[in-house]
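User: I am new to this structure and would like a close look at a single part of it, the salt bridges, followed by whatever you can tell me about the surroundings. Please explain each term as you go.

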Amino acid sequence: MKNLKQEIDHRRTFAIISHPDAGKTTLTEKFLLFGGAIQTAGAVKSNKIKKTATSDFMEIERQRGISVATSVMTFHYGGKLINILDTPGHKDFAEDTYRTLSAVDSVILVVDAAKGVEEQTRRLMEVCRMRDTPVIIFINKLDREGRDPYDLLEELSSMLNIEVRPLSWPIGKGGTFKGVYNLYGRTLNLFEADKQKVSENLLSIDDLSDARIDTFLGRQADQLREDVELIDEVYGEFDELPYLQGKLAPVFFGSALNNFGIKEMLDTFVRISPTPLPRPTDKGPIAPDDKDFSGFVFKIHANLDPRHRDRIAFVRVCSGKFERNKFFHHVRTGKKVRFSNPYTFFADSKEVLDEAWPGDVIGLYDTGNFKIGDSFTEGKDLNFQGIPEFSPEIFKELINDDPMRSKQLEKGIHQLTDEGVAQLFTQQPGNRVMVGVVGELQFDVIKYRLEHEYKAACHFTPMNIYKACWMTYTSEAKLHEFIQYRSKYIVKDKDDNYVFLADSKWTLDMAREKYPEITFHFNSEFKRAEV
Ligand code: G4P
């Protein structure tokens with residue numbers, strides 16, 4: 001008999017996030033190499049390419065050189081079972097990444113040593129800070145001429161609004177980069193650059209005064225001793241608690257491509273990262289060791305074969321034990337559901353599983369019944385929270401180009417928006433359908449998929465909208481007055497909430513002034529605040 005507590009202690013679920021090109025994919029791959037889940041570097045990427053070649057939809061991705069899919073990879077390391085949730089790097093799919101972050105217990109943020117904090121780095125960190133997610137930072141590409149490590153630390157802490165604490169230290173950079181000193185374990189590991197496999201340590205030393213360091217590092221040895229002394233003085237002892245509270249980010253330096261500094265980080269990650277954490281619901285937090293199963297859908301993945309419209313819903317197990325073929329309660333519809341082929345994911349393959357535990361991510365077949373944010377339980381009517389919809393950045397009206405296929409178009413756009421590809425707003429009277437997205441690219445994906453999977457023809461016409469605003473109010477009469485007054489700009493979201501589409505900041509400010517009884521929100525997370 002497996003024990004719930006042991007299974008929880010055994011698991012670590014996290015995501016690697018970064019601004020595109022900082023090295024997220026490369027680092028993921030090196031983790032899988034260390035975990036023995038793949039044998040050669042290149043496997044993660046080549047798998048992506050193989051998939052793209054077999055499907056039309058993915059052809060868009062291949063041509064654009066991005067990965068839309070968020071996948072899960074599981075491997076064992078240091079006696080733990082580790083689930084990595086991959087996130088799309090492209091900024092047009094940022095919302096997908098934000099949702100994935102609701103399903104992890106911690107993150108590793110990759111930063112390019114030459115570029116420092118970039119736009120997506122900042123946005124992603126904001127989401128982590130909203131939830132107090134513990135963050136480890138990996139400064140990558142030390143094999144190239146980059147910025148000074150002290151400057152980088154300073155920039156991280158000021159721009160990301162978090163305290164930082166180096167736990168490894170680079171020896172040189174660019175052409176003189178020799179490896180990293182492990183400030184946590186107090187060991188020096190010099191690595192041989194090898195892109196293909198995990199290389200053996202050249203030197204493992206636990207005393208900085210050891211003369212062998214001078215032999216290996218020459219003049220850089222004294223610089224290292226000075227740096228370590230300074231860091232100890234400035235930062236003092238490393239304390240895990242502020243890290244677990246999301247207030248302090250340990251920082252590691254290295255080169256993902258060359259396997260420098262990765263083992264230091266992975267070893268520390270396994271030691272300090274949180275086990276599966278409690279999750280907020282509208283009935284209060286659910287602890288992972290609650291014996292009843294519960295979980296929520298954070299991602300729906302379209303079947304990439306256009307002949308089959310079924311999808312995979314990714315569910316994060318939050319408490320208790322999930323079992324194959326057992327009946328569970330689908331809270332939104334009130335229906336009993338059971339799953340005969342739930343999936344688990346290992347590196348680049350998937351297998352049917354019999355049971356899953358808190359922290360695990362399972363893939364459930366869906367024929368169009370599930371939505372992002374849906375909760376499953378053993379009977380309780382609770383809804384997991386913290387999976388916000390943010391105001392889209394770009395809005396367009398959907399125009400039907402083939403009246404004979406209206407039903408298919410309607411079904412298609414509803415199903416695609418259930419997957420979280422975009423947000424759907426409808427307006428009555430008139431039946432106008434508006435689509436809001438984070439980036440232009442999503443319109444191409446939607447149009448393509450509507451044509452190929454639903455055989456529906458459409459185009460989009462731009463709308464001049466500044467923000468979508470969800471509303472809470474203290475006077476129902478005033479809300480109705482506002483809805484009458486601004487009816488042209490009032491729509492409903494998929495959950496039947498009224499949303500005000502403000503066409504400028506000025507109009508929004510005016511509305512705020514005239515209707516103090518109404519509060520306007522840029523994300524749907526206000527529901528959480530009300531509980
Ligand atoms: P991403 O997932 O965050 O978008 O980044 P990815 O890992 O794909 O890395 C982006 C580019 O940076 C890749 O080069 C990759 O090889 C390179 N890179 C990653 N880590 C390091 C490192 O430690 N040092 C150096 N010098 N480069 C690194 P590319 O040319 O875009 O792709 P590829 O042809 O190498 O696959």
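Analyst: Lys-5 and Asp-9 are 4 residues apart in helix 1 (residues 4–10), which means that about one helical turn separates them. Their side chains meet in a salt bridge, with 3.3 Å from N to O, where the term stands for a side-chain nitrogen of Lys or Arg within 4 Å of a carboxyl oxygen of Asp or Glu. Lys-5 counts as exposed because its relative accessibility is 51%, whereas Asp-9, at 33%, counts as partly exposed; here buried means under 20% relative accessible area, exposed means over 50%, and partly exposed covers what lies in between, with a 1.4 Å probe and protein chains only. The helices named here are DSSP runs of H or I with at least four residues, the strands are runs of E with at least two, and both are numbered from the N terminus.

The model is a predicted one, in which local features need pLDDT of at least 70 and side-chain atom pairs count only at pLDDT 80 or more, while totals for chains, interfaces and linings use all residues. Residues are numbered from 1 along each chain as its sequence is written, and side-chain values rest on heavy atoms, with hydrogens and water left out.

By the salt-bridge rule the count comes to 30, and two further pairs can be set beside the one in helix 1. Lys-141 forms a salt bridge with Asp-112, the closest N and O atoms being 3.4 Å apart. This pair links distant parts of the chain, since Lys-141 sits in the loop between strand 5 (135–140) and helix 7 (149–159), while Asp-112 belongs to strand 4 (residues 106–112), 29 residues apart. Lys-141 is buried, as its relative accessible area is 18%, and Asp-112 is buried as well, with a value of 4%.

The other pair is Lys-380 and Asp-290, whose side chains meet at 3.7 Å, N to O. These two residues are 90 apart and again join distant parts of the chain, with Lys-380 in the loop between strand 21 (375–377) and strand 22 (394–400) and Asp-290 in the loop between helix 11 (262–272) and strand 12 (294–302). Lys-380 is partly exposed at 38% relative accessibility, and Asp-290 is also partly exposed, at 24%. The contact belongs to a network of salt bridges that links Asp-290, Lys-291, Asp-292 and Lys-380.

The loop that holds Asp-290 is also the place of Pro-276. Pro-276 is buried, because its relative accessibility is 4%, and its C-alpha atom is separated by 6.9 Å from that of Thr-13, although the two residues are 263 apart along the chain. A similar kind of contact involves Asp-86, which lies in the loop between strand 3 (80–85) and helix 5 (94–101). Asp-86 and Ala-15 are 71 residues apart in sequence but 6.0 Å apart in space, C-alpha to C-alpha, and Asp-86 counts as buried at 12%.

Helix 5, at the end of that loop, has an axis that comes within 10 Å of the axis of helix 6 (residues 119–131), and the two cross at roughly 30°. Helix 5 is therefore roughly parallel to helix 6, given that angles under 35 degrees count as roughly parallel, over 145 as roughly antiparallel, 65 to 115 as roughly perpendicular and the rest as oblique. The axes are lines fitted to C-alpha atoms, for helices over the stretch in contact, and the angles run from 0 to 180 degrees between N-to-C directions.

The axes of helix 12 (residues 406–418) and helix 13 (residues 441–454) also come within 10 Å, but cross at roughly 125°. That angle makes helix 12 oblique to helix 13.

Lys-455 is found in the loop between helix 13 and strand 25 (458–462). Its phi is near 55°, a positive value in a residue other than glycine, and Lys-455 is exposed, with a relative accessible area of 53%. Asp-21 likewise has a positive phi without being glycine, near 80°. The place of Asp-21 is the loop between strand 1 (11–18) and helix 2 (24–34), and at 65% relative accessibility this residue counts as exposed.
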